[in-house]
Amino acid sequence: MRLARFFAGPQGMRAMRIEGVPASAGYAEGPLFDLDRSPAVYAGKATATEEKTSLQAAIGTAVSRLAAMAETADSDAAGILEFHIAMLEDNALSGPAFASIASGQTADAAWREALDAEIAGYEASDQDYFRARATDLRDIRDQVLRALTEDVDSTAPTGAILCGEDIAPTRFLETDWSHGGGIALKAGSTASHVAMLARSRGVPMVVGLREPLGDLAGMALLDAEHGSIVLAPSPAEIGAFRLSSASFVARQGVARRFLARPAVTKAGTAVRVQVNIADPSDVDGIDIATCDGVGLMRTEFLFGKNLPDEETQYRAYRKVLEWAGEKPVTIRTVDAGGDKPVPGFTVEEGNPFLGLRGIRLSLARLDIFRVQIRALLRAAPHGTLKVMFPMIAMADEYERAAALFAEEQAALAARGVAHRMPPLGIMVEVPSVAIAPEAFAGVAFFSIGSNDLTQYVMAAARDNAAVAHLNSVRHPAVLRLIGSVTAFGRENGIPVSLCGDAGGDPASIPSLLKAGLRDLSVAPAQLAMAKAAISDVPV
Amino acid sequence: MSAAAEATVLITHDVGLHARPSVKFTKLAKTFAADVEIALAANGPWFDAKSIVKVMAAKAPKGTVLHIRARGNGADDAVRALIELVQRDFDEDAGHVRSA
């Protein structure tokens with residue numbers, strides 16, 4: 001959860017970068033279009049009978065618009081449209097609305113209330129799939145409201161980046177994507193129908209933006225490969241963006257052939273490629289056969305709004321373990337603090353990247369840490385779990401964390417609760433560990449966190465664009481540390497992998513493999529391109 | 001003439017009785033004169049199998065044992081046809097919804 005970056009752009013406008021979650025990889029450059037402009041107002045009728053007629057007509061209009069769209073849609077899209085039509089034609093949906101019209105309600109309010117009640121039911125579901133259908137129900141609601149108000153909905157300009165809280169599937173289908181454009185959402189889900197459609201059509205899409213977009217004027221750069229949008233970009237940013245975009249298109253074409261195959265270098269060396277995930281639902285869109293497991297499952301998302309209980313965590317971990325089957329899943333204990341504040345957990349600090357974050361915070365809040373440890377121990381029998389600790393600087397921190405695992409294991413055993421002790425490893429991201437790894441000869445594995453390792457070695461905050469040029473994993477100092485940690489691991493039988501952004505960056509992959517790494521973990525969207533990049537490296 | 005039939009079937013479709021399968025399921029149910037209902041447990045609650053709103057509201061995920069019952073003309077045929085549709089995974093290609 002990085003903070004927005006502010007710095008001076010052209011004409012004194014402030015350029016602003018907002019990070020989010022990639023839902024469909026790609027790049028888009030274009031004008032911003034606000035999806036959430038308030039709709040027109042409904043003109044009430046004199047009698048209940050007229051209100052009823054008015055609602056019937058609006059539902060009819062919505063159905064015929066959908067049917068017209070379905071005629072030219074491909075099979076995925078037609079399936080969704082048929083679902084909307086079937087819902088609209090079902091009296092069970094409109095029944096409550098007609099009932100409240102009979103008792104004096106206006107058509108628009110009656111329809112809105114009836115649909116909002118239905119939407120609330122979907123939002124309350126404990127299954128991601130059904131929860132994602134709330135977006136379809138909102139779409140159905142708004143199509144009828146639009147027909148009721150006869151709002152001539154102005155369409156987005158060609159190539160626009162559609163921004164807002166969420167986007168309706170029909171809005172996606174109505175939009176002409178043949179000349180580019182993209183989607184940037186404050187809410188949204190990678191499991192939504194629109195995300196699915198966007199992936200199959202190659203429309204760039206980012207969801208879960210960390211900051212409000214504010215004034216939606218001017219043009220923007222959408223990077224849906226890594227997950228960010230830049231508002232009011234500088235000419236230099238536009239130049240760099242176009243290079244990334246062109247390289248993405250070229251790589252994508254080549255990469256598709258590599259996704260289904262195991263990764264092998266030009267010299268025939270096998271490289272393990274795992275995925276990084278943040279939310280259990282991330283795995284819904286990934287075919288397990290295309291990767292070697294989960295190299296990093298972040299757990300901060302669970303701590304987003306409030307502290308999660310043991311059961312919530314257990315279910316989240318178990319879901320991913322069961323999905324991965326025999327392949328390993330490396331879960332990182334909560335890495336809050338730094339740029340990832342959690343209300344009720346993290347503390348305010350002058351220099352949070354150097355403060356109480358990661359394992360330091362967990363060891364300071366044992367009540368919270370023990371809950372996570374129990375959830376992990378209980379989830380372990382459901383797959384091949386590995387657990388790692390973030391921000392380890394001294395061996396003592398690892399030993400205390402491992403002792404807590406042993407204590408909780410004994411307590412679970414005494415209570416007869418099913419559990420298993422997973423291998424315990426550490427993130428190598430604090431320079432003290434990378435420089436003197438011999439203090440950690442007893443850990444089960446190392447996972448190099450290249451983002452933090454780079455920012456600490458270069459003394460360049462990774463959320464500060466003004467020092468971004470310093471923040472390179474390919475600086476000889478960073479690469480030398482990666483090389484020496486990898487060599488130490490090889491000599492001492494400790495597996496070493498890397499799970500930072502560099503692992504999925506085709507420009508950095510040759511350096512990482514030359515430094516000795518044979519195990520990378522990358523964002524799911526970068527899987528194919530990472531494998532393609534590996535195949536070009538002559539090591 | 002009145003008849004009644006009841007049977008159960010395991011949902012093996014990847015995300016369960018979801019949007020597209022529900023469209024097919026209710027369309028098929030509507031081709032029968034009999035009253036058709038579904039439930040996630042033998043003792044209900046029962047949902048009208050001809051209403052997609054109700055079928056979706058049942059929120060039946062993969063692995064659910066779906067109970068189907070019918071009463072009236074052609075009850076047997078209705079239950080048999082619906083069971084077969086679920087067993088055929090709603091005639092969808094595996095991985096259809098899994099665009100990467």
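Reading chain B along its sequence, you get the pattern β-α-β-β-α-β-α. In total that comes to three helices and four strands. Please keep in mind, everyone, that this is a predicted model.

Staying with chain B for a moment: of its 100 residues, 43% are buried. Now take the contacts in chain B between residues at least 6 apart in sequence: 72% of those join residues at least 24 apart.

So much for chain B alone; let's bring in its partner. How many residues of each chain take part in the contact between chain B and chain A? On the chain B side there are 18, and they touch 21 residues of chain A. Two helices of chain B, α1 (19-30) and α2 (52-57), each supply at least two residues of the side that touches chain A. If you like to think in residue classes, that side of chain B has nine nonpolar, five polar and four charged residues.

Over to chain A, and to helix α6, residues 134-149. Here's a little check you can follow with me. The helix has 16 residues, and at 1.5 Å a residue, counting one less than the number of residues, the expected span is 22 Å. The end C-alpha atoms of α6(A) are 22 Å apart, so the model agrees with the expectation. Is this helix mostly covered or mostly open? Mostly covered: 13 of the 16 residues of α6(A) are buried.

One of the helices that α6(A) packs with is α1(A), residues 48-72. Their axes are 8 Å apart, at an angle of about 120°. Angles from 65 to 115 degrees would count as roughly perpendicular, so α1(A) and α6(A) are oblique to each other. The crossing is right-handed. From α1(A) come Ser54(A), Ala58(A), Ile59(A), Thr61(A) and Ala62(A), and α6(A) answers with Gln143(A), Val144(A), Ala147(A) and Leu148(A). This contact has six nonpolar and three polar residues, and no charged ones.

My last stop is another helix pair in chain A: α12, residues 366-379, and α13, residues 395-415. Their axes come within 10 Å and cross at roughly 60°, which makes α12(A) oblique to α13(A). This crossing is right-handed. On the α12(A) side you'll find Phe369(A), Arg370(A), Ile373(A), Arg374(A) and Leu377(A), and they meet Leu404(A), Phe405(A), Glu408(A), Gln409(A) and Leu412(A) of α13(A). By class, the contact of α12(A) with α13(A) divides into six nonpolar, one polar and three charged residues. Thanks for listening!

Notes:
Residues numbered from 1 in each chain as written. Chains lettered and ligands numbered in written order. Predicted model: local features only at pLDDT ≥ 70, side-chain atom pairs only at ≥ 80, totals over all residues. Contact = placed C-beta atoms within 7 Å. Nonpolar A, V, L, I, M, F, W, Y, C, P; charged D, E, K, R; others polar. Buried ≥ 20, exposed ≤ 12 C-beta atoms within 10 Å, placed from the backbone. Axes fitted to C-alpha atoms, helices over the stretch in contact; angles between N-to-C directions. Parallel < 35°, antiparallel > 145°, perpendicular 65-115°, else oblique. Left-handed = near helix turned anticlockwise from the far one by under 90°.
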